[in-house]
Amino acid sequence: KSANPQWREQFDFHYFSDRKDMLDIEVWRKDNKKHEELLGTCQVDITALPMKQTNCLELPLEKRPGSLLMLIAVAPCTGVSISDLCVCPLGDPSERQQISQRYCIKNSFWDIKDIGFLQVKVLKAVDLLAADFAGKSDPFCVLELGNDSLQTHTVYKNLNPEWNKVFTFPIKDIHDVLEVTVFDEDGDKPPDFLGKVAIPLLSV
C-alpha cells in the first residue's frame with residue numbers, strides 16, 4: 001500500500017566475460033496471490049559504470065511514471081568461478097598446498113573476512129520429473145549460497161542430465177546453507193520447479 005516503497009535490500013550478481021552486461025530491472029505490484037501487474041522496467045549498462053566505487057543511480061521507468069533509486073558497485077569477481085570438471089581448480093596439487101597454507105591455524109588472523117571457500121561439483125541428476133508434454137524436461141541447476149547464485153547450462157529433452165561443472169564460492173558466513181535447485185527451462189515463461197536440496201555448511 002505504498003507509492004514510495006523502500007526495500008533496502010542488497011543482491012550480489014556474478015557476471016563473466018561471455019555474458020551480456022545489461023542489468024534488467026522490473027517493478028511489479030501484487031494485488032493478491034493471483035494477480036500481478038508490471039509497473040515498469042529499466043536497464044543499466046554495467047560496462048558504462050566506473051569500477052571499484054559505489055554508483056548512486058536514479059533510473060526512470062520506461063513508458064511508466066516513477067523511478068528507482070539504486071546503489072550499484074562494480075568490482076572484479078574474486079573467489080567465484082565456474083569450470084568444467086576436467087579443469088577443476090583444486091585438481092592441481094600445488095594449488096591445494098597453497099590453499100592449505102592459506103587456511104592453516106597460524107594464518108587465521110591474516111584476513112578475518114576470508115573464512116574459506118566452498119567447491120561444488122555438480123555431476124548429474126537422475127529420474128527427474130517430466131515437465132513437458134512429450135515426457136521430457138529441459139533441466140538446469142541453480143546453486144545459492146548466501147546471496148551468491150550460480151547456475152549450470154540447460155540440458156534439453158533429458159530426465160537424466162549430466163552437467164559436470166565445478167562451482168567455487170567464497171564463504172562469508174559459516175552458518176550459511178547451500179541450496180541446490182533443479183528447474184525446467186520453459187522459454188519466456190518462468191522456469192518450472194523440479195526439486196531442491198539444502199546443505200548446511202556446518203554439516204560439510
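Cysteine 141 has a relative accessibility of 2% and therefore counts as buried. This value, like those that follow, is computed from a predicted model. Cysteine 56 offers a contrast: its relative accessible area is 55%, so this residue is classed as exposed. A disulfide is a covalent bond between the sulfur atoms of two cysteines. A search of the whole structure for such bonds returns zero. Cysteine 56 accordingly takes part in no disulfide, and the nearest cysteine sulfur, which belongs to cysteine 42, is 14 Å away. Because a disulfide requires sulfur atoms within 2.5 Å, a separation of 14 Å does not qualify.

The overall division of the chain may be considered next. The protein is split into domain 1, covering residues 22–74, and domain 2, covering residues 81–203. Between the C-alpha centres of domain 1 and domain 2 there is a distance of 28 Å. The UniProt record, an unreviewed entry, lists residues 1–59 and 93–204 under "domain: C2". Over residues 93–204, strand accounts for 46% of the chain and helix for 9%. The C-alpha atoms at the two ends of that segment are 22 Å apart.

Side chains of opposite charge can pair when their charged atoms come close. Six salt bridges are present in the structure. One of them joins lysine 30 to glutamate 36, with an N to O distance of 3.7 Å. Lysine 30 is exposed, because its relative accessibility is 57%, while glutamate 36, at 42%, counts as partly exposed.

A further salt bridge brings together the side chains of aspartate 84 and lysine 165, at 2.5 Å from N to O. This pair connects distant parts of the chain, since aspartate 84 belongs to strand S5 (residues 81–84) and lysine 165 to strand S9, 81 residues apart. How accessible are the two partners, aspartate 84 and lysine 165? Aspartate 84 has a relative accessibility of 36% and is thus partly exposed. Lysine 165 has a relative accessible area of 19% and is buried, because the buried class extends to values under 20%.

Lysine 157 and aspartate 132 form another salt bridge, their closest N and O atoms lying 3.8 Å apart. Here, too, distant parts of the chain are linked, the two residues being 25 positions apart. Lysine 157 lies in the loop between strand S8 (148–151) and S9, whereas aspartate 132 lies in the loop between strand S6 (116–124) and strand S7 (139–145). With a relative accessibility of 51%, lysine 157 counts as exposed.

The surface also carries a nonpolar patch of about 260 Å², made by Ile115, Ile174 and Leu202. Of these residues, isoleucine 174 is located in the loop that runs between strand S9 (162–171) and strand S10 (177–186). Its relative accessibility is 36%, so isoleucine 174 is partly exposed.

Proline 191 lies in strand S11, which spans residues 189–200. Its relative accessible area of 39% places proline 191 in the partly exposed class. Between the C-alpha atoms of proline 191 and glutamine 97 the distance is 41 Å, and these two residues are 94 residues apart along the chain.

Methods. Residues numbered from 1 in each chain as written. Predicted model: local features only at pLDDT ≥ 70, side-chain atom pairs only at ≥ 80, totals over all residues. Heavy atoms only, no water. UniProt positions renumbered as here; feature names shortened; annotations may be inferred. Helix = DSSP H or I, 4+ residues; strand = E, 2+ residues; numbered from the N terminus. Buried < 20%, exposed > 50% of the residue type's maximum accessible area, 1.4 Å probe, protein only. Domains from an automatic or database assignment. Patch = residues over 30% accessible without salt bridge, like charges linked within 9 Å, V, L, I, M, F, W, Y side chains within 5 Å. Areas by Shrake-Rupley, 256 points an atom, 1.4 Å probe, with all protein chains shown as cover. Salt bridge = Lys/Arg side-chain N within 4 Å of Asp/Glu carboxyl O.
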